[in-house]
Amino acid sequence: MRTAHTAFVVNLHLYIASCPITSRSSRKIKHFKMRKIDLCLSSEGTEVIFATSSDEKHPPENMIDGNPETFWTTTGMFPQEFIICFHKHVRIEKLVIQSYFVRTLRIEKSTSKEPVDFEQWIERDLVHTEGQLQNEEILARDGHVTYLRFIIVSAFDHFASVHSVSAEGVAVSNLS
């Protein structure tokens with residue numbers, strides 16, 4: 001049985017004012033904060049629910065498996081896209097996409113319970129890095145999402161690959 005770990009940001013301020021059991025020296029403010037996690041890992045319950053192409057040796061699930069040796073590859077022709085489902089409301093603070101041959105990447109987001117009503121969120125022209133992975137870090141604004149749609153608008157070659165998608169942030173609430 002797999003156990004899902006969900007991290008919530010919780011700021012808890014505790015101040016014991018005039019409690020007769022405590023002395024003045026033990027009245028302190030304590031601050032607790034939950035850790036940020038990679039929301040895109042399949043081990044966190046995230047899924048790739050749609051991809052425009054699939055190769056049995058390099059399926060879309062490889063982008064979120066946490067293994068740096070695996071990847072998803074397009075099968076030519078652009079645009080190509082995939083949709084990631086978090087199965088919960090999340091707040092993304094930073095995205096990191098590791099890819100190869102991606103020229104223009106558009107990211108759309110949805111806060112719906114179903115993968116609909118996407119709005120354009122981010123669009124980037126990536127730099128071609130001969131012989132090494134493109135490592136695109138994006139600081140996210142207004143990163144509240146339940147689904148992300150990644151659209152590879154164009155590429156530097158006939159094929160492109162996405163090796164990993166990472167989203168640093170916190171789970172906000174379950175879908176209900």
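A salt bridge here is a side-chain nitrogen of Lys or Arg within 4 Å of a carboxyl oxygen of Asp or Glu. Glu136 and Arg124 make such a bridge, with their closest N and O atoms 2.9 Å apart. The model is predicted. Its protein chain has eleven strands and zero helices, and buried residues make up 41% of its 176 residues.

**Confidence**

- The protein chain has an average pLDDT of 84, and 80% of the residues score at least 70.
- Residues 1–33 have a pLDDT below 50, although the model gives this stretch 39 contacts beyond near neighbours in sequence.
- Where pLDDT is low, the predicted coordinates should not be read in detail.

**Fold and strand pairing**

- Read from the N terminus, the elements run β-β-β-β-β-β-β-β-β-β-β.
- Among contacts between residues at least 6 apart in sequence, 73% join residues at least 24 apart.
- Strand E11 (residues 161–174) pairs with strand E3 (residues 37–38) in the antiparallel sense over two bridges. In this part of the model, Ile37 stands opposite Gly169 of E11.
- Strand E5 (residues 72–73) also runs antiparallel to E11 and is joined to it by two bridges. Trp72 has Val162 in E11 as its bridge partner.
- E6 and E11 pair in the antiparallel sense over twelve bridges. Tyr100 stands opposite Ser161 in E11.

**Salt bridges**

- Side chains of opposite charge can pair when their charged atoms come close.
- The whole structure contains seven salt bridges.
- Glu81 and Arg149 meet through their side chains in a salt bridge of 3.8 Å, N to O. Glu81 lies in strand E6 (residues 80–100) and Arg149 in strand E10 (residues 144–155), so this pair ties together parts that are 68 residues apart in sequence. Both Glu81 and Arg149 are buried.
- Asp142 and Lys109 form another salt bridge, with 3.0 Å between the closest N and O atoms. Asp142 sits in the loop between strand E9 (134–139) and E10, while Lys109 is in strand E7 (residues 102–110); the pair links distant parts of the chain, 33 residues apart.
- The partners in that bridge fall into opposite accessibility classes: Asp142 is exposed, at a relative accessible area of 53%, whereas Lys109 is buried, at 5%.
- In the bridge between Glu136 and Arg124, Glu136 belongs to strand E9 and Arg124 to strand E8 (residues 119–125), twelve residues apart.
- Glu136 has a relative accessible area of 17% and, because buried means under 20%, counts as buried. Arg124, at 29%, counts as partly exposed.
- Glu81, Glu108 and Arg149 are joined into one network by salt bridges that share partners.

**Cysteines**

- A disulfide is a covalent bond between the sulfur atoms of two cysteines.
- The search of the whole structure finds zero disulfides.
- Cys40 is buried, with a relative accessible area of 0%. Cys85 is buried as well, with a value of 2%.

**Nonpolar core**

- In soluble globular proteins, nonpolar side chains tend to be buried together.
- The largest nonpolar core has 33 residues, and Ile92, Leu95 and Ile107 touch the most other members.
- At least two residues of this core come from each of E6, E7, E8, E10 and E11. E6 gives the most, with eight residues.
- Beyond its neighbours within four places in sequence, Ile107 is in contact with Leu95, Ile97, Glu119, Gln120, Trp121, Ile122, Ile138, Leu148, Arg149 and Phe150. One of these residues, Arg149, is also the salt-bridge partner of Glu81.

**A loop residue**

- Glu44 is in the loop between E3 and strand E4 (47–51). This loop residue, Glu44, is nevertheless buried, at a relative accessible area of 12%.
- The C-alpha atoms of Glu44 and His87 are 9.7 Å apart in space, and the two residues are 43 residues apart in sequence.

Key
Residues numbered from 1 in each chain as written. Heavy atoms only, no water. Helix = DSSP H or I, 4+ residues; strand = E, 2+ residues; numbered from the N terminus. Buried < 20%, exposed > 50% of the residue type's maximum accessible area, 1.4 Å probe, protein only. Disulfide = S-S within 2.5 Å. pLDDT = per-residue confidence, 0-100. Contact = heavy atoms within 4.5 Å. Pairing = 2+ DSSP bridges. Core = buried A, V, L, I, M, F, W, Y, C linked by side-chain atoms within 4.5 Å.
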